[in-house]
Amino acid sequence: MKTWLVTGGAGFIGSNFIHFLFEKYGDTIRVVNLDKLTYAGNLENLADIVRQPNYEFIQGDICDAALVNSLMPKVDIVVNFAAESHVDRSIGAPDDFIKTDIYGAFVLLEAARMHGVEKFIQISTDEVYGSILDGSFKETDILEPSSPYSASKAGADRLAFSYYVTYKLPVIITRCSNNYGPYQYPEKLIPLFVTNALENKALPIYGDGRNIRDWIYVKDHCDAVDFLFHHGQNGQVYNIGGGNERMNIEITDLILKHLNKPDSLKTYVPDRLGHDRRYSVDTQKIRQLGWKPKHTFEQAMAQTLKWYMENKRWWEKLKTGEYLEFYKQNYKKEL
Ligand code: NAD
Ligand code: DAU
């Protein structure tokens, strides 16, 4: 029976990935979820999993070498989702990004090297390439990250690669585009705008609203990571994308239309510092191995909006206290 160490498993993508693993492999695997439970970690995301006998939750920091070393001997596969993940927060306070995203990845890699693992999957991001106005980035393109978040992710991405080259650690690196789906913390564009619209609050559009992101349903991202575990080659980087490039204003209009809310909720606010104009990844490499997304943007967005409408209790309590304070102080005083 293989043991998967999923770090950051109480966050958005990590918790969806743990659901994915149990749906796919049932009781033929063990899952250890190591999560510090920062503001973004939420055990409610895994409420239906918590009593599974083959699941173990450990509250802890990936920077804690003693803890990580104590776990690693019983682990076969590491998937490192743990990170500070929000660009705006990295602009306001980069420290934790450097600590968790770079040093934390180092601690995991070092423990994996010492104890030996079958696979180490480093969840990187398409943001490591920086912005591209025309065309799409291939895995071999240079990295020009432009926020403290994406720069810290680029550091971990290349550090993971160095562990493959230097120590032959069986590392795979993934660079995925923007995810959407259930359990996403309501500070990111889609859950923030959906929940604000449901509460008849302003939707704060940065700049001219014409920045472009490529959207992928989180379950397709999880499926791609599992696919690469089986079919990816060690030492390789794989772009993952949904093939759904949309301007932020298009996403905003779609949300307002779907929820039958007025255009007057759209509120243009000062731009994000260093705001990347467009992200776009070329996904030929993973597609040639035989993977493609299973969900269409229209269907999965409709399902996602439905989930936030039906799970008001999940997000309502997140939109108070620390969250509001952070935004008022840093970006959106007018809200
Ligand atoms: P998230 O912020 O929702 O979750 C991050 C999780 O990591 C939280 O549960 C948090 O408690 C945990 N964590 C933070 N610091 C930790 C530490 N020091 N030790 C242990 N746990 C810690 O993030 P997400 O959106 O689910 O992203 C997960 C990963 O995927 C990140 O590595 C991110 O860079 C990457 N990624 C995200 C997207 C996206 O669109 N959200 C796209 C591509 C890649
Ligand atoms: O591309 C992958 C990345 O996608 C991940 O690596 C990051 O972890 C994840 O947070 C996400 O980064 P973005 O910065 O693209 O996502 P965010 O949801 O913060 O913003 C999406 C776009 O919407 C971006 O152009 C900024 C804009 N935006 C965002 C917020 C929160 C607004 O206009 N208003 C907002 O209030």
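**Entry 1: ligand 2**

I began at ligand 2 and found a polar side-chain atom of H275 2.7 Å from one of its oxygen atoms. I count such a pair as a polar contact when two N or O atoms lie within 3.5 Å; within protein, one must be able to donate a hydrogen and the other to accept it, and residues adjacent in sequence count only if both atoms are side-chain atoms. I note that the model is predicted: local features need pLDDT of at least 70, side-chain atom pairs count only at pLDDT 80 or more, and totals for chains, interfaces and linings use all residues. Residues are numbered from 1 along each chain as its sequence is written, chains are lettered from A and ligands numbered from 1 in the order in which they are written, and side-chain values use heavy atoms, with hydrogens and water left out.

I then looked up two further contacts of ligand 2. An N or O atom in the side chain of R272 is 2.6 Å from an oxygen atom of the ligand, and a backbone N or O atom of L189 lies 2.8 Å from an oxygen atom of ligand 2. The protein buries 95% of the 680 Å² that ligand 2 exposes when taken alone; I use Shrake-Rupley accessible areas with a 1.4 Å probe, and for residues only the protein chains shown count as cover. Two elements, α6 (189-198) and β8 (203-206), give two or more residues to the shell around ligand 2. I take elements as DSSP runs numbered from the N terminus, helices being H or I of at least four residues and strands E of at least two.

Which residues come nearest to ligand 2? I list D126, E127, Y149, R272 and H275, out of 25 around the ligand; a residue is near if one of its heavy atoms lies within 4 Å. By class I recorded 10 nonpolar, 8 polar and 7 charged residues in this shell. I count Ala, Val, Leu, Ile, Met, Phe, Trp, Tyr, Cys and Pro as nonpolar, Asp, Glu, Lys and Arg as charged, and the others, Gly among them, as polar.

**Entry 2: ligand 1**

I found 29 residues surrounding ligand 1, with I13, D35, S85, Y149 and K153 the closest. The shell divides into 12 nonpolar, 12 polar and 5 charged residues. At least two residues each come from α1 (12-25), β5 (119-125), α5 (148-167) and β7 (178-180); β5 gives the most, with 3 residues.

I looked up three polar contacts here. An N or O atom in the side chain of D61 is 2.8 Å from a nitrogen atom of ligand 1, and a backbone N or O atom of I62 lies 3.0 Å from a nitrogen atom of the ligand. A polar side-chain atom of K153 lies 2.7 Å from an oxygen atom of ligand 1. On its own ligand 1 has 840 Å² of accessible area, and the protein covers 97% of it.

**Entry 3: helix α4**

How far apart are the end C-alpha atoms of α4 (residues 95-115)? I read 29 Å, which agrees with the 30 Å that its 21 residues should span at 1.5 Å a residue; the expected span is 1.5 Å times one less than the number of residues. The helix bends by about 30 degrees at Y103, the bend being the angle between axes fitted to the seven residues ending there and the seven starting there.

I noted the buried residues of α4 as F97, T100, D101, G104, A105, V107, L108, L109, A111 and A112. I use buried for under 20% relative accessible area, exposed for over 50% and partly exposed for values in between, with a 1.4 Å probe and protein chains only. Just after α4, G116 takes a positive phi of about 80 degrees.

**Entry 4: positive phi outside glycine**

Most residues other than glycine have a negative phi. I therefore recorded L37, a residue other than glycine with a positive phi near 60 degrees. L37 sits in the loop between β2 (29-35) and β3 (55-59) and is partly exposed, at 25% relative accessible area. N260, also not a glycine, has a positive phi of about 55 degrees. Its place is in the loop between α8 (248-258) and β12, and N260 is exposed, with a relative accessible area of 70%.

**Entry 5: single residues**

Is R278 buried or exposed? I find R278 buried, at 11% relative accessible area, in the loop between β12 (266-269) and α9 (284-289). A polar atom of its side chain lies 2.8 Å from the backbone oxygen of G135.

G8 is in the loop between β1 (2-7) and α1 and counts as buried at 12% relative accessibility. Q299, found in helix α10 (residues 297-310), counts as exposed at 55% relative accessibility.
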